[in-house]
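Got your viewer open and a hand on the mouse? Load the model shown here, and let's walk through it one selection at a time.

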Amino acid sequence: MQDVAEQPSAIRWYYEGLGQNVFRAVSCRSCGKLTFPPTGCCEHCGSWEVEGVELSGEATLLYATHNITPACHPRFETIAPYVYGHLRLREGPIVQAIILGVEARPESLHALFERGPVPVKAETLKMEDLPVIAFRLAG
């Protein structure tokens, strides 16, 4: 575990990890829950007693849909149209992220829906300004 207090900031520590394909959160020493993406305090109980942890990068895709056009931020214009979804990380938190390996077409999304929850694995998208976490269908 990494003491986030030793880092310049939880956000910088998170993005430095993403740049190395390492996925990070903070674990609360008071309540034991994870905050992802990491911040300086626990999002559940407000405690400042948090420490950095590395995540497995494994998750389950619960729901997926396509983005609106144009993309919600200029950094995503180069990958639009894309699929994004709600995922449950193996460690517990539910997050939203870009889903790779699925075309942003109704037929593809319907086929994914019919499969039900599916395993996914995190990876880093190298964007012009900041790295972005995304998940790819496993297997």
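What follows is a tour of a predicted model, with something to select at each stop.

**Stop 1: the barrel**

Switch to cartoon view and colour the strands. Which strands make up the closed barrel? There are 5 of them, running β4-β5-β6-β8-β7, and their pairing is mixed. From one strand to the next, the twist averages 50°.

Now select residues 118-126, which are strand β7, together with residues 131-137, which are strand β8. These two strands pair in the antiparallel sense, over 7 bridges. They form a hairpin, with 4 residues between them.

Keep β8 selected and add residues 94-100, strand β6. In which sense do β6 and β8 pair, parallel or antiparallel? Here the sense is parallel, over 3 bridges.

Zoom in on alanine 134 in β8. Glutamate 123 has alanine 134 as its bridge partner, and isoleucine 98 stands opposite alanine 134 too. While you're here, turn on a surface and look for β8: 6 of its 7 residues are buried, so the strand is mostly covered.

A handy tip for looking at strands: in a regular strand, side chains alternate between the two faces of the sheet.

**Stop 2: the largest pocket**

Next, select Phe76, Gln96, Ala97, Val132 and Ile133. Among the 22 residues that line the largest pocket, these five lie nearest its centre. The pocket holds about 460 Å³ of space.

Which elements supply at least two residues each to this lining? They are α1, β6 and β8. The largest share comes from β6, with 4 residues. Colour the lining by class and you should get 17 nonpolar, 4 polar and 1 charged residues.

**Stop 3: aromatic rings**

Show the side chains of Phe, Tyr and Trp as sticks. How many aromatic pairs does the structure hold? The count is 3. A pair of rings is described by the distance of the centres and the angle of the planes.

Start with tyrosine 14 and phenylalanine 36. Their ring centres are 5.8 Å apart and their planes sit at 75°; angles over 60 count as edge-to-face, so that is what this pair is. Tyrosine 14 is in helix α1 (residues 10-19), while phenylalanine 36 is in the loop between β2 (34-35) and β3 (50-54), so the pair ties together parts that are 22 residues apart in sequence. Both residues are buried.

Add Tyr15 to your selection. Ring pairs link Tyr14, Tyr15 and Phe36 into a cluster.

Now hop over to phenylalanine 76, a residue you already met in the largest pocket, and select tyrosine 82 with it. This pair is tilted, with 5.8 Å from centre to centre and 50° between the planes. Are these two buried or exposed? Phenylalanine 76 has 11% relative accessibility, so it counts as buried. Tyrosine 82 is buried as well, with a relative accessible area of 9%.

**Stop 4: the second largest pocket**

Select Leu61, Leu62, Tyr63, Ala64, Leu109, Leu112, Phe113, Gly116 and Pro117. Together they line the second largest pocket, whose volume is about 180 Å³.

Try colouring your selection by element of secondary structure. β4 (58-66) and α2 (106-115) each supply at least two of the lining residues, and β4 gives the most, with 4 residues. By class, the lining has 8 nonpolar, 1 polar and no charged residues.

**Stop 5: a cavity**

How many cavities of 30 Å³ or more are there? The count comes to 1, and the largest cavity has about 30 Å³ of space.

To find it, select Phe23, Leu55, Gly57, Leu89, Glu91, Ala122, Ile133 and Phe135, the residues that line it. Ile133 should look familiar, since you also selected it for the largest pocket. By class, this cavity's lining has 6 nonpolar, 1 polar and 1 charged residues.

**Last stop: alanine 25**

Finish with alanine 25, in strand β1 (residues 24-28). Its relative accessibility is 0%, so alanine 25 counts as buried.

Now add leucine 89, which you just picked as part of the cavity lining, and use your viewer's distance tool. From C-alpha to C-alpha, alanine 25 and leucine 89 are 11 Å apart in space, while in sequence they are 64 residues apart.

Technical notes:
Residues are numbered from 1 along each chain as its sequence is written. This is a predicted model: local features need pLDDT of at least 70, side-chain atom pairs count only at pLDDT 80 or more; totals for chains, interfaces and linings use all residues. Side-chain values use heavy atoms; hydrogens and water are left out. Rings of Phe, Tyr and Trp (its six-membered ring) pair if their centres lie within 6.5 Å; planes under 30 degrees apart count as stacked, over 60 as edge-to-face and the rest as tilted. Buried means under 20% relative accessible area, exposed over 50%, partly exposed in between (1.4 Å probe, protein chains only). On a 1 Å grid over the protein atoms alone, a cavity is a set of points where a 1.4 Å probe fits but cannot get out, and a pocket is an open set with protein on both sides within 12 Å along at least five of seven lines; lining residues have an atom within 4 Å of a point. Grid points are joined across faces, edges and corners, and a volume is the space filled by probe spheres set on the points. Ala, Val, Leu, Ile, Met, Phe, Trp, Tyr, Cys and Pro count as nonpolar, Asp, Glu, Lys and Arg as charged, and the others, Gly among them, as polar. Two strands pair if DSSP finds at least two bridges between them. Axes are lines fitted to C-alpha atoms, for helices over the stretch in contact, and angles run from 0 to 180 degrees between N-to-C directions.
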